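Thanks for asking me to look this one over. Here are my notes, set out as numbered points so that you can follow along in your viewer.

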Amino acid sequence: VALLAIAILLLRRELDGVGLDGLLTSIRRYDASRVLLALALTAGSFLTLGVFEFLALRYVGKRAERIIPRRTAFATSFVAHAYSQSVGLAILTGTAVRLRSYSRYGLDALDIARLSVLVTATVTLGLLTTGGVAFLMTPGRITLMGTSLSLVPLGILLLIPIVCYLAWGAFGSEDFHGRGRWRIRRPILSVALQQIGISSLDWALAGTVFFVLVSRSLQISYGELLTIYLVAQTAAVLSHVPGGVGVFEAVVMGLFAVHADERIAAPAIAASVAASLLVYRIVYYLVPLFAAIALSTVAEVIRSRAKRRELHPSAAPAAASSPMATDAI
């Protein structure tokens, strides 16, 4: 709550002089092709997250990979990530969704917990990798809340866990850690590299969504903008504010002030950046969230009707439901 309050204060300062009319004018300038491209890249990002799910099911064991249909795994991954990135507390939100979806296939709570831990770890590894590299690529110092910071030492700190994780996978002496059913399997080096590579691709796709929406208003290179995006996302995730709301926007505006110098000082440019942030929130957060809510609702309605037919077979007509809907989640 404190970080959210600080982020709002930062945003108010950065958006000083930006009026509602200027913001709405900037939003109206978006053409449909650019928004459709951003939506397509968003779909690609969520498909990549589905690959996380397959990797995690394989990690849990061949039984899990065999009994969970791929369609179900994709749909569950989509709903879990759409909820968790907007609500926050990804490990809890994702586990709750997976419990509801996978328990009917025979996976117990412990297997699902292991799966959720690996998915969350994969997302975190990608963010640490891309964020650490982005921090190292940000020369000089930036000023936030009146404090001058060098991002290079922070980048080194972010990459240290990645090096340790790879070393654990390559040179770890034990295959399992823990006791009894609470054991966690050590990911081998090839699995660790897959986690980092796939997750880094996902973060790059998400950053490209942001680039497509922002490049319309500012003359800025892809690399420069991707660095700003990853630094802001790292700060947002570390803040634990749901969806990084306010924190992400405040850091983006602060970094634009550093990278764009006098360009960001113009109210029209500030309004364009603010409009891009708002459209990005809608495209990458709200659209998947509403789609996930709709998918979950349909799946729950079909599931409840199926249970009623099982309990009262003579009271319900023998209507066949869509296998796509029943297996979705």
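1. Let's start with one arginine. Arg100 has a relative accessible area of 42%, so this residue counts as partly exposed. Please keep in mind throughout that the model is a predicted one.

2. Which residue does Arg100 pair with in a salt bridge? The partner is Glu300, and the closest N and O atoms of the two are 2.7 Å apart. This pair links distant parts of the chain, since Glu300 sits in helix α12 and Arg100 in helix α6, 200 residues apart. Glu300, like many a residue you might click on, deserves a look at its surroundings: its relative accessible area is 31%, which means partly exposed.

3. Glu300 has a further contact to check. Its side chain also meets that of Arg303 in a salt bridge, at 3.0 Å from N to O. Glu300 and Arg303 are 3 residues apart in helix α12, so about one helical turn separates them. Arg303 has a relative accessible area of 13% and is therefore buried. Through shared partners, the salt bridges join Arg100, Glu300 and Arg303 into one network.

4. How many salt bridges does the structure hold? The count is 5. One of them brings together the side chains of Arg98 and Glu53, at 2.8 Å from N to O. Arg98 belongs to helix α6 and Glu53 to helix α3, so this pair ties together parts that lie 45 residues apart in sequence. Are Arg98 and Glu53 buried or exposed? Both of them are buried.

5. Next, the surface. A nonpolar patch is formed there by Leu36, Leu39, Leu278, Ile282, Leu286, Val287, Phe290 and Ile293, and together these residues have about 670 Å² of accessible area. Helices α3 (32-60) and α12 each supply at least two residues of the patch. The largest share comes from α12, with 6 residues.

6. Leu39 is a good residue to select if you want to view the patch from the α3 side, as Leu39 is found in that helix. With 32% relative accessibility, Leu39 counts as partly exposed, because that class lies between the 20% and 50% limits.

7. Now for the open space. The largest pocket has a volume of about 890 Å³. Its lining is made up of 36 residues, and the closest to the pocket centre are Ser84, Gln85, Ala90, Val123 and Val237. By class, 21 of the lining residues are nonpolar, 13 are polar and 2 are charged.

8. Which helices supply at least two residues each to the lining of the largest pocket? They are α5 (70-87), α6 (90-102), α7 (109-136), α9 (189-214), α10 (222-239) and α12 (267-311). With 7 residues, α7 gives the most to this lining. If you colour by helix, note that α6 and α12 are in this list and that they also hold Arg100 and Glu300, respectively.

9. One last residue to inspect is Ser272, whose place is in helix α12. Its relative accessible area is 6%, so Ser272 is buried. Ser272 and Leu213 are 59 residues apart in sequence, while their C-alpha atoms are 9.9 Å apart in space.

10. To recap helix α12: this helix gives 6 residues to the nonpolar patch, supplies at least two residues to the lining of the largest pocket, and contains both Glu300 and Arg303.

Conventions. Residues numbered from 1 in each chain as written. Predicted model: local features only at pLDDT ≥ 70, side-chain atom pairs only at ≥ 80, totals over all residues. Heavy atoms only, no water. 1 Å grid on protein atoms, 1.4 Å probe; cavity = no way out; pocket = protein on both sides within 12 Å on 5 of 7 lines; lining within 4 Å. Points joined across faces, edges and corners; volume = space filled by probe spheres on them. Helix = DSSP H or I, 4+ residues; strand = E, 2+ residues; numbered from the N terminus. Nonpolar A, V, L, I, M, F, W, Y, C, P; charged D, E, K, R; others polar. Patch = residues over 30% accessible without salt bridge, like charges linked within 9 Å, V, L, I, M, F, W, Y side chains within 5 Å. Areas by Shrake-Rupley, 256 points an atom, 1.4 Å probe, with all protein chains shown as cover. Salt bridge = Lys/Arg side-chain N within 4 Å of Asp/Glu carboxyl O. Buried < 20%, exposed > 50% of the residue type's maximum accessible area, 1.4 Å probe, protein only.
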